[in-house]
Amino acid sequence: MRPVRLTMAGAAVALMLAAACRPVEDHGARWSKARGPAAVKPAEPSPATKGAKATEVARTAALYPVAPPPFSDGVFPCSECHGKTDVVNRTPHPVEFHEDIVLHHDEKNRWCLDCHDAQNRDKLHLADGRLIDFTESYRLCGQCHGPTLRNWKAGEHGKRTGSWNGAKQYLLCANCHSPHSPHFKPIKPKPAPMRQEAIK
Amino acid sequence: MRELPTLPLPAPAPPAEGYSRREALVMGLFALAAAATATGCSAADKLAYEEFVQKHFKDLSPEELKDRLASMEKRYTEQFGKEVKVSATPPMPGVLFGYALDLSRCIGCRRCVYGCVEENNQSRDPQTHWITVLEMDKEEGVNLQNANAFYDHETVPAPGKFYMPVACQHCENPPCVKVCPVQATWKEPDGIVVIDYDWCIGCRNCIAACPYGARRFNWGKPSIPKDELNPNTEYLGNRPRQRGVVEKCSFCLQRVRKGLYPKCVEVCPVGARKFGNLLDPESEIRYIIENKRVYILKEELNTQPKFFYYYGL
């Protein structure tokens, strides 16, 4: 009886320890990344962080099945042109190649590399340096637009299609709002209904 | 205590020959039909006869309903030259449908109106729309007297305007149902107010009673191009209608009872339309009602609509 009890107690303590340690470790990683030079040039994540990240990705992917991100034709993957070892000028400057993109989204304070990752162009990065896929871009948007992200998750903001009681597809923020110029553009309405007197 | 003299009460009238008036009428028609069959009548005549002597939808046995749906499918298939499916999906238990519309996002593009026409087989000529999109002044706020449904701009939203789409509000206390003299319209357990087009006599009392102007009458013979007909139809929903009957929004019964969102929700380009189960605390509709300031149209009439307007911004 006694050894069994001891083992159980040991297991419980171990579990509690694990539970207590995990967030701290995660926090530490986040802070060092945000503060240190790692924020600009994210280092290869440690195996522990990698595992945590993988589960988080799996969780969000399962919760928010999203529509494909709206890439412009022939632009993605960005790594076709941008190499991982390219020398990057990190000072905001006009980009000749992408001159069709007119930034109209807090352009006084933001520019390309605030969202796009300089080293891995096929990814975006959060403010703390964590890399995310374009399919998770709502996490990036939610850093500034918190209440909107909350409402989007609940289904109040944005559009969901599919089943009201089952599998849904969420539209990404970028499916409706161009991330470079998010204000909704006016569209042409469908024809007005016929007036009653005109209906024969 | 003196015993009161008992008044000679008239004996209860025996059921006339054991038949109600309706049954007697049906019997007479049976005889006529038998005569017609003997002389060789067409399948169409038989169908017309069947329709004439039909029972109320709610009184049909499962077998009778199956027969009705089968004969209907046959007729529509012949009429439209392609296979048409007519089903009578029952309401799901534990479901009460609710709808919410974000007035701060609607841009009045009328995509919902035309999406609905295609999904629900409304007549193209003469034109029938179940959804009316009203344009109003932002300065004035919701004032139905100054609303314009016939706005025609190059692009929407027009400056200084906002838009309010109105269709059937699926009242919990529907005045249209109360006034129907033949019970051709009723509220289903999942909250959808439905119409049996075969039972409707076209008296249009419901149109007069509806405070939202949501019901439409088929003054002319509805016409739908064959290739545009949506062949997945429901008996109480989007099956083709005939002249002289009333129709209206059914929350896309043929979709929502299979778990799908209504068509207008799916076509709205701004995501202003929200739909879900009011009895499910996790649903988006509940989130909206609990976290946003919603209002209902003409609250003072106590119709208790299950269609909620709100300002998301």
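**Notes on the predicted model**

1. Reading along the sequence, chain A runs α-α-β-β-α-α-β-β-α. That comes to 5 helices and 4 strands, where helices (H or I, at least four residues) and strands (E, at least two) are DSSP runs numbered from the N terminus. Of the 200 residues in chain A, 24% are buried, meaning under 20% relative accessible area; exposed is over 50% and partly exposed is in between (1.4 Å probe, protein chains only).

2. Some housekeeping: this is a predicted model, in which local features need pLDDT of at least 70 and side-chain atom pairs count only at pLDDT 80 or more, while totals for chains, interfaces and linings use all residues. Residues are numbered from 1 along each chain as its sequence is written, chains are lettered from A and ligands numbered from 1 in the order in which they are written, and side-chain values use heavy atoms, with hydrogens and water left out.

3. Helix H3 of chain B covers residues 62–80, and its end C-alpha atoms sit 27 Å apart, which agrees with the 27 Å expected for 19 residues at 1.5 Å a residue (the expected span is 1.5 Å times one less than the number of residues). Its buried residues are Leu65(B), Arg68(B), Leu69(B), Ser71(B), Met72(B), Tyr76(B) and Phe80(B). Down the axis of H3(B) they fall within an arc of 170°, so they line one face of the helix; the arc is taken over the directions from the helix axis to the C-beta atoms. An α-helix has 3.6 residues a turn, so residues three or four places apart point the same way.

4. On the other side of H3(B), you'll find Glu63(B), Lys66(B), Asp67(B), Lys74(B) and Glu78(B) exposed. Just after the helix, Gly81(B) takes a positive phi of about 65°.

5. Now the cysteines. Searching the whole structure turns up 0 disulfides over all chains, counting a pair of cysteine sulfur atoms within 2.5 Å as a disulfide. Cys109(B) is in none; its nearest cysteine sulfur, that of Cys268(B), is 6.4 Å away. Cys109(B) counts as buried because its relative accessibility is 6%.

6. What about Cys168(B): buried or exposed? Cys168(B) is buried, with a relative accessible area of 7%. The closest cysteine sulfur, in Cys249(B), is 5.5 Å from that of Cys168(B), so it is too far for a bond.
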